[in-house]
Amino acid sequence: MTSALYLHIPFCVRKCAYCDFASWATPAIDPLMAAYARALELQITEAESLGLLEGCETAYVGGGTPTLLGEKDLGSLVSSVRASAPGILELTCEANPDSLADEVLLVVREAGATRLSIGVQSLDDAELAELGRLHDADCARERVSAAVASNLDVSVDLMCATPRQTDEGWARTVEGTVALGVGHVSVYPLQIEEGTALDARYADDPCDWNDDGVQASRMTQSQALLEGCGYHRYEVASYAAAGKQCRHNIAYWTGVPYLGLGTGASSMLDLEGYLRLREACRRLPEPPLGTVRARLTVRTGRGELAADPRLSALSFSLEFLSGPQAVAEDLMLGARLVEGLRPELVSRARELFGARLDATLEALLADGLLAERGGLLAPTERGWLLGNELYGALWELAPGEVADARC
């Protein structure tokens, strides 16, 4: 029914300067964290009873800072996922170095986690301070090394085009991360989001260190460094050693249904999955005629969710996609992957869009945003660097406006 499960933990010691995610600074002694974790466990059980976790192969506990829950509550949450979705092949917990204690490592592994995704961002103390991170470079190295030694699969997130970063400093961060023996590295350019502390700090600054040219240069530099160390790029921002790709990431880019639980969490359900969720949550609207896909985001606050964890008590914002809109979305998402657009997806799109699809693909090939590789249409480096143009052209194939609702 769903191939992937996402659980959102909206707690942090403090907000990072760039963060606009659904997370709030929360004292370690706040009982809300334990109550919220218990609420998610109840929702997981209810989702299982509705058949929503049938076929679930990956799970991801993200945030926020899941490791802030501590070994007891995070371990219990991981165990609940394993009990309700026994077919899971990959179970990832996000972590920050400052809260990744040895006890947490041990408990989440024993509870059934297979993978950690650690938010390092940089191995330069000045850059980390600008970003508002709690850890320093030495802490990051020590905690990532401990995670690798635990025999969990380890991924590290890095951020480029940040204040005080230089080409030389970025190379040291990438090479230093590789030296720690991780199997997966994700690289993201900093996005300065409206309303964040970083946005306020640099409101009157042209931010030349973050312009499109710098972002493109650092992403190209990352590719050369990581591929030179034996990692292969499988998605625009993701590099993996052999056999270490993130299954959960791939689920997002290949159009399979996934369920998101927790404040701010997003789901993408097929029509059958949406109707099953609606059995429990009758306040969800009836889908418009022709709907094949529903996107939902949980609007219920963390305190409300902890106080009443029933799925029927949740509030959502929603989007309903028709068949042609869902295919256009899959084309757009698939263009993030190195392997390119699946032949069956292109064939289905040609049935729906006819000459419009061929004209769009020809234009993207002519502009150098797509290329033919091994009989498949795949994004080029230029296509990734000009992602808005590539993805936008594919999404423009979608007819009409996406229907939305709130409940």
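H8 belongs to strand β1, which spans residues 4-9 of this predicted model. H8 counts as buried because its relative accessibility is 6%, where the cut-off for burial is under 20%. The side chain of H8 makes a polar contact with the side chain of Y6, at 2.8 Å. Y6 has a number that also falls in the range of strand β1, residues 4-9.

Beyond its neighbours within four places in sequence, H8 touches residues from several parts of the chain. Among them are A22, Y36 and L40, followed by the run G62, G63 and G64. Further along in sequence, H8 is also in contact with L261, G262, T263 and A265.

One of these contacts, L261, leads to the internal cavities, since L261 also appears in the lining of the second largest cavity. That cavity has a volume of about 30 Å³. Besides L261, its lining holds L259, G260, S267, L277, L311, L314 and F316. Strand β11, residues 258-261, is the main contributor to this lining, with 3 residues. By class, the lining of the second largest cavity has 6 nonpolar and 2 polar residues, and no charged ones.

The model has 2 cavities of 30 Å³ or more. The largest cavity encloses about 40 Å³. Its lining consists of W253, T254, D330, G334, L337, E339, G340, L341, R342 and L345. In the largest cavity, 4 lining residues are nonpolar, 3 are polar and 3 are charged. Charged residues are thus found in the lining of the largest cavity, whereas the lining of the second largest cavity has none.

Note on methods
Residues are numbered from 1 along each chain as its sequence is written. This is a predicted model: local features need pLDDT of at least 70, side-chain atom pairs count only at pLDDT 80 or more; totals for chains, interfaces and linings use all residues. Side-chain values use heavy atoms; hydrogens and water are left out. Helices (H or I, at least four residues) and strands (E, at least two) are DSSP runs, numbered from the N terminus. Buried means under 20% relative accessible area, exposed over 50%, partly exposed in between (1.4 Å probe, protein chains only). A polar contact is a pair of N or O atoms within 3.5 Å; within protein, one must be able to donate a hydrogen and the other to accept it, and residues adjacent in sequence count only if both atoms are side-chain atoms. Contact means heavy atoms within 4.5 Å. On a 1 Å grid over the protein atoms alone, a cavity is a set of points where a 1.4 Å probe fits but cannot get out, and a pocket is an open set with protein on both sides within 12 Å along at least five of seven lines; lining residues have an atom within 4 Å of a point. Grid points are joined across faces, edges and corners, and a volume is the space filled by probe spheres set on the points. Ala, Val, Leu, Ile, Met, Phe, Trp, Tyr, Cys and Pro count as nonpolar, Asp, Glu, Lys and Arg as charged, and the others, Gly among them, as polar.
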